Amino acid sequence: MRKIVLILAFFGLLILIAVGFFSQKDYEPTTLMKLKEKYSQKVNSSVDHSKFTSLQQNFSSPQQVTATCINCHNKRHVEVMQSNHWNWEREEYVEGRGIVYLGKKNAINNFCIGTQGNEQSCAKCHIGYGMTSEGMVYTDSTNVDCLVCHDNTETYVKDLEKGGAPVATLDFNAIAQSVGKPKLSNCGVCHFFGGGGNNVKHGDLDMAMFETTKDVDVHMGIDGAKLQCVDCHTTEKHNISGKVYSLSSMNLDRNTCEQCHTENPHDDNILNEHSIKVACQSCHIPTYAKANSTKMYWDWSTAGKLKDGEPYEEDDSLGNHTYLSIKGSFVWERNVVPDYIWFNGTASHYLEGDIIKDTTNPLVLNQLHGSYSDNESKIYPVKIHVANQPYDPVNKILIQPKLFAEKKGEGAFWKDFNWQTASEVGMKEANLPFSGKISFIKTEMYWPVNHMVATKENTLDCKSCHQRENSRLAGLNDFYMPGRDYSKIVEVTGVWMLILTLLGVLAHGAVRIALAVRSGKGKK
Amino acid sequence: MQKKQVYVYKAFERFWHWMQAILIFFLAFSGFEIHGSYTFFGFQDAVKYHNIAAYMLIVLIVFAIFWHFSTGEWRQYVPSFNNIAAQLNYYILGIFKNSPHPTKKTVLTKLNPLQKLTYFGLKILVIPVIVTSGLLYMLYRYPQRHGIEALNIESLELIAIIHTIAAFLLLSFIITHLYLITTGEKVTTNLKAMLTGYEELDEHNDEEKKSSSEKSE
């Protein structure tokens, strides 16, 4: 009797656990509900700019608009002019280098290489007007371009190669009266087109996101939360949070998923635990460049070929340039699986004039730091952009060529297609030595992937990493991961031990059976 | 020498044995999936089930330890080196010649010397190692800022490998164990005994057996 009760009690307990376990419903964690509520509330502006008479005057230049803005917002321009968005550089402490001012002004990338000498063209994406090579723009407050960020008509467009000036035919009254919080489109017009075309640089910032679905980005999808950039990239005194490590070095002012979703967003503790070592992005962004392709490889060495003396372009079936005389050849990819690296939020950069110590291996232009043993590091997904770009093999420095000029004969590569003169003029304008020799070197840039977050259903499953073959983390070997790693010796010894044991008992059993059969016959 | 049905395995003992068997099979199956040997449940579920089964096994072990000490049954597992050679000899040669078992099974000595030695090894080595490494595996926290510095373990590697070694050992024990079930008086004798508790044993030492088995009934 007693044992029946015992057994029944135990199985009762088992059934209870099983029922409780399997009947767990998928419920929405409360933080997510709160967030949905927060971001679905309509924001009513406390001010209607169209009623202000000062904005109804006839504007003849964008600078006039800025002056009018400053009339009321009489300290805002100071904030803007102290921001890295304006200055194209910021103060950073870099290990081994000390305090440096780092930004588009002095960093070299492996897309259009650098801004120096090419400011008039690059300024299409500067939040100011009147950019010249001399840098006059940075000190004149009426050159602050308020409208590029605050225009809410979505009609404001900057002109090409005009030092940051807008297209002259715009209706400045309508635009000035519409001003408000920056929309996705305000940020997107520049940040989706970095590198000279849509989605070229980031891979996770694509013009498709002007109006996209949850499949591409769960946050920005118009069928989802419809978040705007500034909902996450919050701003204080015109300093916008979040940074991209092509130009940033310090673990400061970063935007994280945790700032909204908390550190423990899952129901499952084991998943929450992963967040100690794995960034949310690693599982929640299975692929990037989901809507349009992104540039993965840029070979400057083929640039300059002409057909009948004229530059030309070649496109692939998706309309991506595979060759441009002005820029060289490209490889594009869509739905790219990211690379994964350890990253602790600090980086070091190749700056203009830095000596290249090792010219045999690819030169990393923005080394992201981190390792398993570093407590601050997590595994992040990155896009690695590779290029073959010009360098001076004698001085061992990267070449900043003169790319842009308004007319031929000034040495600009995009007009004259001559590496020699473009390098000479470019290096002179950048105040860098040039030996006269040009060679090409492989370089890499690491772009952390943060956008194009997938829906819950499309998130990576455990197996994507926890498997022996084709683990997404196959490249990160400084730690033991269950499912992927094992000790070869233990594995081989263990399996052989099992096989031999099995063979042993089978043989033993076979002999017994054989003998039993024989003795059975004998008895007969 | 007369044979008599004797109550050898008590209710709890059988319950413990079969529960343990189920759990260990399940743990081995889900464990080697986590190890990456094959896919069945899917990694996430395998981990979940493996952890639940692990805690169940630990609870069972705690009960079993209590039972063994409160009943004095633990003495069964104290290894004795007498007759080991004879027992080995039996498995290697005697069994094929239909020789009798060299050691007599009684309620007080249920285990032959080889079993004693094996189970003793399981109980003080393999099980503790697999449970401890398993607990460390589950409770492992990355060397992290929130933890206690002194308790940090730099890497999961050693824990995982020890856990794997123990799993291989246990598995090869199970294979042997399953086979040796068939080496009783008849092929099914041992299995039947572990299921019903009763086994036909030689009469000559039944006096004390009877009394002790009656007591525990």
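This is a short dialogue about a predicted model with chains A and B.

Student: What makes chain A more spread out than a compact globule?

Tutor: Compare two values. The radius of gyration of chain A is 30 Å, and the globule rule gives 24 Å for 524 residues. The value is well over the rule, so chain A is more spread out than a compact globule. The box filled by the C-alpha atoms of chain A is roughly 120 × 60 × 45 Å along the principal axes.

Student: What is chain A built from?

Tutor: Chain A has 16 helices and 15 strands. Of its 524 residues, 34% count as buried.

Student: Why is helix 2 of chain B called oblique to helix 4 of chain B?

Tutor: Start with the angle. Helix 2 and helix 4 of chain B pack at about 140 degrees, with their axes 11 Å apart. Roughly antiparallel needs an angle over 145, and roughly perpendicular covers 65 to 115. An angle of about 140 degrees fits neither class, so the pair is oblique.

Student: Is that crossing left-handed or right-handed?

Tutor: The crossing of these two helices of chain B is left-handed. Helix 2 of chain B brings Asn51(B), Ala54(B), Ile58(B) and Ile61(B) to the contact. Helix 4 of chain B brings Val131(B), Gly134(B) and Met138(B). These contact residues divide into five nonpolar, two polar and no charged.

Student: Which helix of chain B gives the largest share of the side that touches chain A?

Tutor: First, the totals. In all, 27 residues of chain B are in contact with 31 residues of chain A. Helix 1, helix 2 and helix 5 of chain B each supply at least two residues of that side of chain B. Helix 5 of chain B gives the largest share, eleven residues. By type, the side of chain B divides into 17 nonpolar, eight polar and two charged.

Student: Why is Asn470(A) called exposed?

Tutor: Count its neighbours. Asn470(A) has 10 other C-beta atoms within 10 Å. The cut-off for exposed is 12 or fewer, so Asn470(A) is exposed. Asn470(A) lies in the loop between strand 15 and helix 16 of chain A.

Student: And why is Lys226(A) called partly exposed?

Tutor: Lys226(A) has 15 other C-beta atoms within 10 Å. Exposed stops at 12, and buried starts at 20, so Lys226(A) is partly exposed. Lys226(A) sits in the loop between helix 9 and helix 10 of chain A.

Student: What makes the phi of Lys226(A) worth a note?

Tutor: Most residues other than glycine have a negative phi. Lys226(A) is not a glycine, yet its phi is positive, near 50 degrees. Asn470(A) also has a positive phi, about 55 degrees, and is not a glycine.

Conventions: Residues are numbered from 1 along each chain as its sequence is written. Chains are lettered from A and ligands numbered from 1 in the order in which they are written. This is a predicted model: local features need pLDDT of at least 70, side-chain atom pairs count only at pLDDT 80 or more; totals for chains, interfaces and linings use all residues. Two residues are in contact if their C-beta atoms, placed from the backbone, lie within 7 Å. Helices (H or I, at least four residues) and strands (E, at least two) are DSSP runs, numbered from the N terminus. Ala, Val, Leu, Ile, Met, Phe, Trp, Tyr, Cys and Pro count as nonpolar, Asp, Glu, Lys and Arg as charged, and the others, Gly among them, as polar. The radius of gyration is taken over C-alpha atoms; the globule rule is 2.2 Å times the number of residues to the power 0.38. Axes are lines fitted to C-alpha atoms, for helices over the stretch in contact, and angles run from 0 to 180 degrees between N-to-C directions. Angles under 35 degrees count as roughly parallel, over 145 as roughly antiparallel, 65 to 115 as roughly perpendicular and the rest as oblique. A crossing is left-handed if the near helix is turned anticlockwise from the far one by less than a right angle, and right-handed if clockwise.
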